[in-house]
Amino acid sequence: MSQNWKFFKESVRHFWQVGSLVQSSRYLVDSLLADVDFAESRLIVEFGAGNGCVTRELLRRMRPDARLFSFELSQVFHEEISSIAARDPRLTAVHGCAMLAAQMFAAQSVDCVVSGLPMGNFGKCAKLGVLSTVHAVLKPGGHFSQFQYSLLDYRLMKRHFPAVRLGYTPLNFPPAFVYNCVSA
Ligand SMILES: C[S@@+](CC[C@H](N)C(=O)[O-])C[C@H]1O[C@@H](n2cnc3c(N)ncnc32)[C@H](O)[C@@H]1O
């Protein structure tokens, strides 16, 4: 079964949780990873890994001694991420909510958080929970990137990060904005 078809089936079953009908395009993946300092990053965390289109590209660009932890709620997608982890020891697949990261990592120990979470579908409490998790784990000056299909949370991001570079990717379904944020 193709990756896109698998993604579509899972999305139809759990649309509110998955938040899109197709996986991100390679253009969106590029935009999401554009500001990541792969030469220096040794601990990277991914939220909402889906079927692994961002995960695979992270692994392709990462240092050989870097580690990646990819959080995913869906059992179907988690199995997909686990099968990537079976071939690449740098990756740990975590089946659970992204907000568990605050309990798993020491404060300010993570170089970079890359998120595909469907923030637009989250309530205010969940959005603030995700952002406080990011702040708890990220090193000062660490990088956080998040995409969204609208600019709904641009002001929220600007309130939480001293620097936010906005990207736009028309070649995605649907077209997407990317918040590239630097922590204080
Ligand atoms: C829009 S999809 C993005 C998938 C993939 N990263 C991509 O770019 O194609 C959002 C993903 O986040 C997952 N997700 C939603 N809420 C989550 C949470 N609280 N913790 C971890 N994963 C979550 C969904 O199951 C889904 O796989």
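## Polar contacts with the ligand

Let's start at the binding site: the backbone of glycine 48 puts a polar atom 2.9 Å from a nitrogen atom of the ligand. Keep in mind that this is a predicted model.

Two side chains also reach ligand oxygens. Serine 24 has a side-chain N or O atom 2.6 Å from an oxygen atom of the ligand. Glutamate 72 brings a polar side-chain atom to 2.5 Å from a ligand oxygen. How much of the ligand's accessible area does the protein cover? On its own the ligand has 600 Å² of accessible area, and the protein covers 97% of that.

## The pocket and its shell

The ligand takes up the space of the largest pocket. Which elements give two or more residues to the shell around the ligand? Those are helix 2, spanning 15–18, and helix 4, spanning 53–61.

In total, 22 residues surround the ligand. Val18, Ser24, Gly48, Glu72 and Ala98 are the closest of them, so to speak the inner names to look up on screen. By type, the shell splits into 13 nonpolar residues, eight polar ones and one charged one.

## Overall fold and size

Stepping back, the protein has eight helices and seven strands. Along the principal axes, its C-alpha atoms fill a box of roughly 45 × 35 × 30 Å.

Does that add up to a compact or an extended chain? The radius of gyration is 15 Å, and a compact globule of 184 residues would come out near 16 Å, so the value agrees with a compact globule.

## Two backbone spots to look at

There's a cis peptide bond in the model, running from phenylalanine 173 to proline 174, with omega near -10°. Proline 174 belongs to the loop that links strand 6 (163–169) and strand 7 (176–182).

The other spot is glutamine 108. Its phi is near 55°, which is a positive value in a residue other than glycine. Where does glutamine 108 sit? You'll find glutamine 108 in the loop between helix 6 (101–104) and strand 4 (110–115).

Conventions
Residues are numbered from 1 along each chain as its sequence is written. This is a predicted model: local features need pLDDT of at least 70, side-chain atom pairs count only at pLDDT 80 or more; totals for chains, interfaces and linings use all residues. Side-chain values use heavy atoms; hydrogens and water are left out. A residue is near a molecule or strand if one of its heavy atoms lies within 4 Å of it. A polar contact is a pair of N or O atoms within 3.5 Å; within protein, one must be able to donate a hydrogen and the other to accept it, and residues adjacent in sequence count only if both atoms are side-chain atoms. Accessible areas come from the Shrake-Rupley method with a 1.4 Å probe; for residues, only the protein chains shown count as cover. On a 1 Å grid over the protein atoms alone, a cavity is a set of points where a 1.4 Å probe fits but cannot get out, and a pocket is an open set with protein on both sides within 12 Å along at least five of seven lines; lining residues have an atom within 4 Å of a point. A molecule sits in a cavity or pocket if more than half of its atoms lie within 2 Å of its grid points. Helices (H or I, at least four residues) and strands (E, at least two) are DSSP runs, numbered from the N terminus. Ala, Val, Leu, Ile, Met, Phe, Trp, Tyr, Cys and Pro count as nonpolar, Asp, Glu, Lys and Arg as charged, and the others, Gly among them, as polar. The radius of gyration is taken over C-alpha atoms; the globule rule is 2.2 Å times the number of residues to the power 0.38.
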